[in-house]
Amino acid sequence: MDDKDKPLAPWTASRSAKEKNIVQRAVTALLDQLAPERVLKRGEQLPPEIEQHRTPNGCVLQAPTAAVSVSWFSKAEKDTPLGELNVIVWKGTVSRRGKAANPKGAKIVKEVVLLPIEAPRNDRVWRAKDGTEYDTPALAEYCVALLQAAM
């Protein structure tokens with residue numbers, strides 16, 4: 001019998017620490033690919049065409065006319081026991097914490113919700129609601145492609 005199809009016993013209803021750690025490592029790897037932690041450097045740096053902004057639970061890739069935000073929600077609900085990843089494509093400039101709000105704001109163009117695959121059998125650890133499965137590098141490429149398409 002396949003363990004994936006076997007329901008959890010009532011006394012073990014919470015997910016194992018091992019499953020949660022696997023998902024958290026996948027989230028960290030995705031964020032590291034999209035927006036690596038900044039390293040302090042001496043001197044002025046010219047801003048790149050796409051700005052990368054990291055938050056504790058996500059990142060924002062901001063281009064001049066569009067943005068993609070990736071947000072990780074780890075709080076377990078009944079239908080998302082391991083959490084969910086939201087990828088939102090924006091038209092315009094996204095306001096960030098600690099910065100003045102953009103008076104024009106940004107408008108949502110597309111939203112993709114991905115759930116971690118429980119006990120993945122291969123490198124694919126993310127499943128979109130339409131059934132498409134991604135490994136971490138493919139999901140990072142998809143996020144960048146969404147941004148490029150919105151520009």
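**View 1. P116 meets W126 where β5 and β6 pair.** In this predicted model, P116 has W126 of β6 as its bridge partner. The two strands, β5 and β6, run antiparallel and are joined by three bridges. W126 is worth keeping in sight for the later views, as it is also among the residues with the most contacts inside the largest nonpolar core.

**View 2. Seven strands make one open sheet.** Follow the strands across and you will read β1-β2-β3-β4-β5-β6-β7, with antiparallel pairing. Strands β1 and β7 (133-134) stand at the edges with a single partner strand each, so one side of each has no neighbour in the sheet. Helix α1 packs on this sheet and touches β1, β2, β3, β4, β5 and β6; its direction makes about 160° with that of β3. Helix α2 packs on the sheet too, touching β2, β3, β4, β5, β6 and β7, and its direction makes about 145° with that of β3.

**View 3. A hairpin links β1 to β2.** Here strand β1 (residues 51-55) runs antiparallel to β2, and five bridges join the two. The hairpin that connects β1 to β2 does so through two residues. To find your bearings, look for Q52, which stands opposite L61 in β2.

**View 4. Two separate nonpolar cores.** The largest core has 30 residues, and V70, L114 and W126 have the most contacts inside it. Helices α1 (17-34) and α2 each supply at least two residues of this core, as do strands β2 (58-62), β3 (66-73), β4 (84-92), β5 (106-116) and β6 (126-128). A second core, separate from that one, has five residues, including V60, A67, I88 and V94.

**View 5. C59 and C143, two buried cysteines without a disulfide.** The structure holds zero disulfides. Why is C59 not bonded to C143? The closest cysteine sulfur to that of C59 is in C143, and at 7.3 Å it is too far for a bond; a disulfide would need the two sulfur atoms within 2.5 Å. Seen from the other side, C143 is likewise in no disulfide, with the sulfur of C59 as its nearest cysteine sulfur. Both cysteines are buried: C59 has 2% relative accessibility, and C143 has 0%.

**View 6. T136 in helix α2.** T136 lies in α2, which covers residues 136-150. Is T136 buried or exposed? With a relative accessible area of 10%, T136 is buried. Leaving aside neighbours within four places in sequence, T136 is in contact with A26, A29, L30, Q33, V125 and W126.

Note on methods
Residues are numbered from 1 along each chain as its sequence is written. This is a predicted model: local features need pLDDT of at least 70, side-chain atom pairs count only at pLDDT 80 or more; totals for chains, interfaces and linings use all residues. Side-chain values use heavy atoms; hydrogens and water are left out. Helices (H or I, at least four residues) and strands (E, at least two) are DSSP runs, numbered from the N terminus. Buried means under 20% relative accessible area, exposed over 50%, partly exposed in between (1.4 Å probe, protein chains only). Contact means heavy atoms within 4.5 Å. A nonpolar core is a set of buried Ala, Val, Leu, Ile, Met, Phe, Trp, Tyr and Cys residues joined through side-chain atoms within 4.5 Å. Two strands pair if DSSP finds at least two bridges between them. Axes are lines fitted to C-alpha atoms, for helices over the stretch in contact, and angles run from 0 to 180 degrees between N-to-C directions.
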